[in-house]
Amino acid sequence: MKKIGFLSFGHWTPSPQSQTRSAADTLLQSIELAVAAEELGADGAYFRVHHFARQLASPFPLLAAVGAKTSRIEIGTAVIDMRYENPLYMAEDAGSADLIAGGRLQLGISRGSPEQVIDGWRYFGYRPAEGASDADMGRRHAEVFLDILRGEGFAEPNPTPMFPNPPGRLRLEPHSEGLRERIWWGAGSNATAVWAAKLGMNLQSSTLKSDETGEAFHIQQAAQIRAYRAAWKEAGHTCTPRVSVSRSIFALIDDRDRAYFGRGGEEEDQIGFIDPRTRAIFGRSYAAEPDVLIEQLRKDEAIAEADTLLLTVPNQLGVAYCAHAIEAILTHVAPALGWR
């Protein structure tokens, strides 16, 4: 059995060919798609966060709205770039959204990836400490965020407060019990996956990672997951961690599917550079008739290692088509692979 959800980047563009021509379109359709996915029996609605782009950005209003409109589906991010975040304010936002959703948030966070502008976090008022990198800053923000989510008091109370205080030091409110155990780290390398395991975070691994061995993407990603689980065990955590991978997977079952995704062209991994020093490998996409697709996916070692699969959706094609694409996997592919 696997949990199967969708992952939307929330693209929008003022083009006649797009079903999401404004930020309002993207936000409202994201809520609609989460409701539709829950009705179809999907397990998760996840959203990517990008700044300075025509995509989803500030996630917590959207997560809260989805939480208020749904009752069962997990609601998450993949991922929030921690270089841009005030971890204390974020803890308040996350606690509020999780309480609205009844404890269904699954927050993916990360040190971030290359963005639309140079050092965009500077415009948000952040800069790395002397001798540290922006990645170090992102990981430090994450550590503070995790510490705050424990719900322990740390602030000295005012001796003459406006309202009566509980005894002892004060914590941030609202606090949502259990949210600390539902934080995921988006790891782009084996080393950061091991780091996340030591801190007790779940693991998100996308379709992009550092090319560390030259092997096929799914083989490297499977090795990353095994390294993460070994580090988790070595750290002595008592609970079982969760691991997700994301994939672009389309079952070609009607003329729309064939028109959009039946032409091929992305059946192989791609190599590129996410910065001048980091060689990266981008995982292939899958698009085929269901019987062919099932056999292809059987060979994906990383999907086999993970307990959660996030299906990236082409949100600009509209809610109806994205719901159809999700339903096609749930109905025509997942049962044959033992995912349902």
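**Notebook: loops, barrel, sheet and cavities**

I began with S248, which sits in the loop between β8 (243-247) and β9 (249-251). I was working from a predicted model throughout. Which residues does S248 touch, once those up to four places away in sequence are left out? I found S285, Y286 and T312. With T312 there is also a polar contact: the two side chains are joined at 2.6 Å.

S285 turned up again when I looked at E266. Leaving out residues up to four places away in sequence, E266 touches R284 and S285. So far, then, S285 has appeared beside S248 and beside E266. I placed E266 in the loop between α7 (255-261) and β10 (270-275). How far apart are E266 and R284 in sequence and in space? I noted 18 residues along the chain and 5.8 Å from C-alpha to C-alpha.

**The barrel**

Next I traced the strands. I counted 8 of them closing into a barrel. I wrote down the order as β1-β2-β3-β4-β5-β6-β8-β13. Is the pairing in this barrel parallel or antiparallel? It is parallel. From one strand to the next, the twist averages 25°. As a reminder to myself, strands of a sheet pair through backbone hydrogen bonds, in either the parallel or the antiparallel sense.

I picked one pair of neighbours to look at in detail. Strand β5 (residues 183-186) and strand β6 (residues 202-205) run parallel, with 3 bridges joining them. I then asked which residue of β6 is the bridge partner of W185. It is L203.

**The open sheet**

I found an open sheet as well. It has 3 strands, in the order β7-β11-β10. Here the pairing is antiparallel. Which strands form the edges? They are β7 (208-210) and β10, each pairing on one side only. The twist in this sheet averages 40° from one strand to the next.

I followed β7 to its partner. β7 pairs with strand β11 (residues 278-282) over 3 bridges, in the antiparallel sense. Within that pair, L208 stands opposite F282 of β11. Helix α6 (residues 217-235) packs on this sheet and touches β7 and β11. I noted an angle of about 70° between the direction of α6 and that of β7.

**Cavities**

I turned to the empty space inside. Rolling a probe the size of a water molecule over the atoms shows where such space is left. How many cavities of 30 Å³ or more does the structure hold? I counted 4.

The largest holds about 80 Å³ of space. Its lining includes F6, S8, T20, F47 and N315. The elements giving two or more residues to that lining are β1 (3-8), α1 (23-40) and α10 (319-332). Which element supplies the largest share? It is α1, with 4 residues. By class, I recorded 5 nonpolar and 7 polar residues, and no charged ones.

The second largest cavity has a volume of about 70 Å³. Among the residues lining it are A91, E92, I148, R171, P174 and H175. Two helices, α3 (87-100) and α4 (134-149), each supply at least two residues of the lining. How many charged residues does this lining have? I noted 3, together with 6 nonpolar and 3 polar residues.

**Backbone oddities**

P174 sent me to the peptide bonds. The bond from E173 to P174 is cis, with omega near 0°. P174 lies in the loop between α4 and β5, and the residue also belongs to the lining of the second largest cavity.

I noted a cis bond from A78 to V79 too, where omega is near 10°. Is V79 in a loop or in a strand? I placed V79 in strand β3 (residues 74-81), and β3 is one of the strands of the barrel.

My last stop was F52. This residue is not a glycine, yet has a positive phi of about 60°. I located F52 in the loop between β2 (44-47) and α2 (60-69).

Definitions and conventions. Residues are numbered from 1 along each chain as its sequence is written. Side-chain values use heavy atoms; hydrogens and water are left out. Two strands pair if DSSP finds at least two bridges between them. Axes are lines fitted to C-alpha atoms, for helices over the stretch in contact, and angles run from 0 to 180 degrees between N-to-C directions. On a 1 Å grid over the protein atoms alone, a cavity is a set of points where a 1.4 Å probe fits but cannot get out, and a pocket is an open set with protein on both sides within 12 Å along at least five of seven lines; lining residues have an atom within 4 Å of a point. Grid points are joined across faces, edges and corners, and a volume is the space filled by probe spheres set on the points. Ala, Val, Leu, Ile, Met, Phe, Trp, Tyr, Cys and Pro count as nonpolar, Asp, Glu, Lys and Arg as charged, and the others, Gly among them, as polar. A polar contact is a pair of N or O atoms within 3.5 Å; within protein, one must be able to donate a hydrogen and the other to accept it, and residues adjacent in sequence count only if both atoms are side-chain atoms. Contact means heavy atoms within 4.5 Å.
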